[in-house]
Amino acid sequence: RFLGSRHMIHPWRRLRALAHIDLLWHDEGPMGLTNFAASTISLRRDLDPAQRRSTILHECLHAERGPVPMGLVAKDEVKVRKETAHLLLPDVRAIGDALAWSQGDMGGAAAELWVDAGILRDRLGFLTDPAERGYLARRFEES
């Protein structure tokens with residue numbers, strides 16, 4: 001794996017720390033749901049391990065942040081997506097290595113980074129640090 005274990009976040013441990021939240025499973029619909037009123041997080045059963053890891057962290061962040069007013073739901077979702085992507089993929093060098101190895105295939109790179117492709121797309125889409133952007137540009141020129 002391109003992401004060393006010393007940098008790896010453990011979403012399932014984070015869920016265990018939320019002792020008031022119960023984990024449920026569902027068969028259809030979104031990958032994950034947080035129900036604040038019922039104190040539950042529900043994951044879709046058919047997710048692969050990387051999708052489960054990515055989704056559980058995303059939903060844990062929602063649970064930790066708490067409910068938001070209806071007018072702020074979309075804005076909060078963007079913040080959670082950005083934080084999830086950064087927590088799961090903190091090292092831009094690992095991202096560059098995985099993308100180079102996979103020859104730019106997002107699905108392959110995401111699998112190597114042990115996240116779903118949406119998380120990788122979010123991390124790249126929310127990339128604002130000029131040093132990180134410069135590194136990735138140089139890394140792609142090399143490959």
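User: Which value does phi take at Trp114, the residue that follows α5?

Analyst: A friendly word on the ground rules: this is a predicted model, so local features need pLDDT of at least 70 and side-chain atom pairs count only at pLDDT 80 or more, while totals for chains, interfaces and linings use all residues. Residues are numbered from 1 along each chain as its sequence is written, and side-chain values use heavy atoms, with hydrogens and water left out. Helices (DSSP runs of H or I, at least four residues) and strands (DSSP runs of E, at least two) are numbered from the N terminus. Right after α5, Trp114 has a positive phi, near 60°.

User: Which residues of α5 are buried?

Analyst: Buried means under 20% relative accessible area, exposed means over 50%, and partly exposed is in between, using a 1.4 Å probe and protein chains only. The cover over the buried part of α5 includes α2, α4 and α6, where contact means heavy atoms within 4.5 Å. The α5 residues under that cut-off are Gly108, Ala109, Ala110 and Leu113.

User: How many of the 10 residues of α4 are buried?

Analyst: The buried set in α4 is made up of Val92, Ala94, Ile95, Gly96, Ala98, Leu99 and Ala100. Among the elements covering them are α5, α6 and α7 (130-142). The helix is largely enclosed by the rest of the structure because the buried count, out of 10, is seven.

User: Which residue caps the N-terminal end of α4?

Analyst: Look for a polar contact, meaning a pair of N or O atoms within 3.5 Å; within protein, one must be able to donate a hydrogen and the other to accept it, and residues adjacent in sequence count only if both atoms are side-chain atoms. The backbone nitrogen of Arg93 lies 2.9 Å from a side-chain oxygen of the capping residue, Asp91.

User: Over the ring of which residue does the charged end of Arg93 sit?

Analyst: A charge counts as sitting over a ring if NZ of Lys or CZ of Arg is within 6 Å of the ring centre and within 35 degrees of the ring normal. For Arg93, the charged end is 4.9 Å from the centre of the ring of Tyr135.

User: Which helix gives the most to the largest nonpolar core?

Analyst: A nonpolar core is a set of buried Ala, Val, Leu, Ile, Met, Phe, Trp, Tyr and Cys residues joined through side-chain atoms within 4.5 Å. The largest one has 17 residues, and those with the most contacts inside it are Leu88, Leu89, Ile95, Leu113, Val115, Ile119 and Leu120. At least two residues each come from α2 (49-65), α3, α4 (92-101), α5 and α6. With four residues, the top contributor is α4.

User: How many residues does the second, separate core have?

Analyst: This core includes Leu18, Ile21, Ile56 and Cys60. Its full count of residues is eight.

User: Is Asp116 buried or exposed?

Analyst: Asp116 lies in the loop between α5 (106-113) and α6 (117-125). Leaving aside neighbours within four places in sequence, Asp116 contacts Met31, Ala50, Gln51, Ser54, Thr55 and Ala110. Its side chain also reaches the backbone nitrogen of Ile119 at 2.9 Å. Because its relative accessibility is 13%, Asp116 counts as buried.

User: What is the relative accessibility of Asp76?

Analyst: Asp76 belongs to helix α3 (residues 73-88). Not counting residues up to four places away in sequence, Asp76 touches His62, Arg65 and Val68. Asp76 counts as buried because its relative accessibility is 7%.

User: In β3, which residue is the bridge partner of Thr34?

Analyst: Two strands pair if DSSP finds at least two bridges between them. Strand β2 (residues 32-35) and strand β3 (residues 40-44) do so in the antiparallel sense, over four bridges. They form a hairpin with four residues between them. Within β3, Thr34 is bridged to Ile41.

User: What is the relative accessible area of Ser39?

Analyst: Ser39 is found in the loop between β2 and β3. Phi of Ser39 is positive, near 55°, in a residue other than glycine. Most residues other than glycine have a negative phi. Ser39 counts as partly exposed because its relative accessible area is 22%.

User: Is Gln103 buried or exposed?

Analyst: Gln103 sits in the loop between α4 and α5. Just after α4, Gln103 takes a positive phi of about 55°. Because its relative accessibility is 77%, Gln103 counts as exposed.
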